[in-house]
Amino acid sequence: MKLLGLSCGRKMQNTEILVKEAMMAAEGLGAEVGMIRLLDLDIKPCTGCVSCVRSLMQGGPGKCVIKDDLHLVEEQLMECDGLILGSPVFVLTPHGLLKVMSDRFGPSHDYAFRMGAKQISDAKGTGKGPDERSFKARVAGFISVGGAVTPHWLSLGLPLMNLFTFPSHIRVIDQMQVLGVSRWGHVVLNDEAMMRARKLGRSIAQAMGKSEKEMKWVGDDPGTCPVCHSNLLTVTKKNPIECAICGIKGEIKAEGDDIFVTFPEEEQKKARLTIAGKVEHYEEIRDNFRIAAARKDLDQIPERLKKYEAYREVEKKSLQ
């Protein structure tokens with residue numbers, strides 16, 4: 001079983017060391033391990049060209065057209081059975097590079113889009129569909145690292161790491177958050193954090209190779225949402241509330257200082273992290289493309305765009 005470590009941290013600094021400690025524990029249980037330091041790679045932002053989505057909708061492989069180092073990560077991700085993803089937290093969220101990675105992998109590796117592409121490719125007999133390795137069960141663990149000792153300064157760290165894993169249908173079973181690394185000088189002096197990283201590594205190693213039904217949440221905190229185990233909710237002035245990560249609706253009640261949140265089974269079954277939730281999104285986007293293609297006024301677009309060409313754009317040379 002192959003375990004991939006992805007670190008958004010600096011070389012030999014806190015995040016990377018925690019990822020490596022977890023990997024060492026997994027290796028001790030027989031896992032084949034390897035780590036990628038994402039800061040060493042040239043990963044460009046997504047341009048929103050949707051070439052990957054159009055390719056998948058035609059039964060193609062869904063490859064990104066941007067030429068950079070993303071394919072190096074992609075191949076390792078396809079090969080792995082387990083993933084440990086680590087990131088420092090800057091301004092409440094994981095490293096911006098992880099968002100860039102999520103934008104690039106999200107549409108091109110969306111499980112439902114790839115399922116649809118496979119069906120089209122198989123029906124046509126082209127053999128040019130998505131990578132078959134896209135559909136194997138994978139498991140993941142998150143490591144979020146912050147300098148602050150107050151948790152609300154890391155509030156979006158763990159929840160937003162799901163943006164990288166859920167489109168590819170990678171099942172997250174454990175996560176850990178380290179506070180106040182700036183107090184320790186280096187995380188290697190924090191025995192509790194190092195021990196927790198080892199536990200996470202062992203959990204991932206033990207879950208690799210299992211079916212999705214066999215993969216169980218083993219994290220310390222079950223969270224408010226029973227699907228993604230996040231505490232991040234979208235709350236308006238009345239019920240229902242919504243899990244900001246899963247998109248499922250539930251009900252919130254307060255009794256004194258205690259808050260109770262419940263999510264019906266039917267909502268849990270269509271969360272973004274489920275295949276059903278992904279298929280619902282795939283059908284929505286597919287139908288939107290079809291509706292747009294059927295419009296009778298598409299020929300008006302070039303003329304209507306003319307007034308926006310170079311409108312008030314600041315030239316690059318004036319910025320230097």
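# A guided tour, starting at helix α6

Select α6 first. Its buried residues are Gly157, Leu158, Pro159, Met161, Asn162, Phe164 and Thr165. The model on screen is a predicted one. With 7 of its 9 residues buried, α6 (residues 157–165) is largely enclosed by the rest of the structure.

**Stop 1: the nonpolar cores**

Next, pick out Leu3, Leu18, Ile84, Ile143, Val187 and Ile204. They belong to the largest nonpolar core, which has 26 residues, and they touch the most other members. Now colour the elements that give two or more residues to this core: α1 (14–28), β5 (138–145), β6 (170–178) and α8 (191–207). Which element gives the largest share of this core? It is α8, with 7 residues.

Centre on Val187. Leaving aside neighbours within four places in sequence, Val187 is in contact with Asn14, Ile17, Leu18, Val178, Val181, Ala193 and Met194. Then move to a second, separate core. This one has 25 residues, including Cys8, Leu70, Phe105 and Trp217. In soluble globular proteins, nonpolar side chains tend to be buried together.

**Stop 2: the cysteines**

Show the cysteine sulfurs. How many disulfides does the structure hold? The count is 0. Go to Cys46. The nearest cysteine sulfur belongs to Cys49, 6.6 Å away, and Cys46 is in no disulfide. Cys46 counts as partly exposed, at 37% relative accessibility.

Jump to Cys246. Here the nearest cysteine sulfur is that of Cys228, at 3.6 Å, and Cys246 is in no disulfide either. A pair needs its sulfurs within 2.5 Å to count as a disulfide. Is Cys246 buried or exposed? Cys246 is buried, with a relative accessible area of 2%.

**Stop 3: helix α5 and its ends**

Select residues 111–124, which form helix α5. Put a distance between the end C-alpha atoms: they are 20 Å apart. At 1.5 Å a residue, the 14 residues should span 20 Å, so the two values agree.

Show the side chains on the buried positions. These are Tyr111, Ala112, Phe113, Arg114, Gly116, Ala117 and Ser121. What do they pack against? Four helices: α2 (51–57), α3 (70–79), α4 (96–108) and α10 (275–293).

Look at the start of α5. A side-chain oxygen of Asp110 comes within 3.0 Å of the backbone nitrogen of Ala112. Then go to the other end. Gly125 follows α5, and its phi is positive, near 70 degrees.

**Stop 4: Ser134**

Continue along the chain to Ser134, in the loop between α5 and β5. Ser134 is buried, at 6% relative accessible area. Its side chain makes a polar contact with the side chain of Arg114, at 2.7 Å. The Ser134 side chain also reaches the backbone oxygen of Asp131, at 2.7 Å. Expand the selection around Ser134. Beyond neighbours within four places in sequence, Ser134 is in contact with Met78, Tyr111 and Arg114. Recall that Tyr111 and Arg114 are among the buried residues of α5.

**Stop 5: the open sheet**

Switch to cartoon view and find the open sheet of 4 strands. The order is β7-β8-β9-β10, with antiparallel pairing. Which strands stand at the edges? They are β7 (233–234) and β10 (258–262). Each has a single partner strand, so one side of each is left without a neighbour in the sheet.

Start from the β7 edge. Here 2 bridges join β7 to strand β8 (residues 241–243), and the two run antiparallel. Leu233 stands opposite Cys243 in β8.

Cross to the β10 edge. Strand β9 (residues 249–255) pairs with β10 over 5 bridges, in the antiparallel sense. Select Glu251: its bridge partner in β10 is Thr262. Finish at the hairpin of β9 and β10, which has 2 residues between the strands. There Gly256 takes a positive phi near 65 degrees.

**Stop 6: Ala276**

Last, select Ala276 in helix α10. Ala276 is partly exposed, with a relative accessible area of 43%. Leaving aside neighbours within four places in sequence, Ala276 is in contact with Lys269 and Lys270. Add Glu214 and draw a C-alpha to C-alpha distance. Ala276 and Glu214 lie 18 Å apart in space and 62 residues apart in sequence.

How values were computed:
Residues are numbered from 1 along each chain as its sequence is written. This is a predicted model: local features need pLDDT of at least 70, side-chain atom pairs count only at pLDDT 80 or more; totals for chains, interfaces and linings use all residues. Side-chain values use heavy atoms; hydrogens and water are left out. A nonpolar core is a set of buried Ala, Val, Leu, Ile, Met, Phe, Trp, Tyr and Cys residues joined through side-chain atoms within 4.5 Å. Buried means under 20% relative accessible area, exposed over 50%, partly exposed in between (1.4 Å probe, protein chains only). Contact means heavy atoms within 4.5 Å. The expected span of a helix is 1.5 Å times one less than its number of residues. A polar contact is a pair of N or O atoms within 3.5 Å; within protein, one must be able to donate a hydrogen and the other to accept it, and residues adjacent in sequence count only if both atoms are side-chain atoms. Two strands pair if DSSP finds at least two bridges between them.
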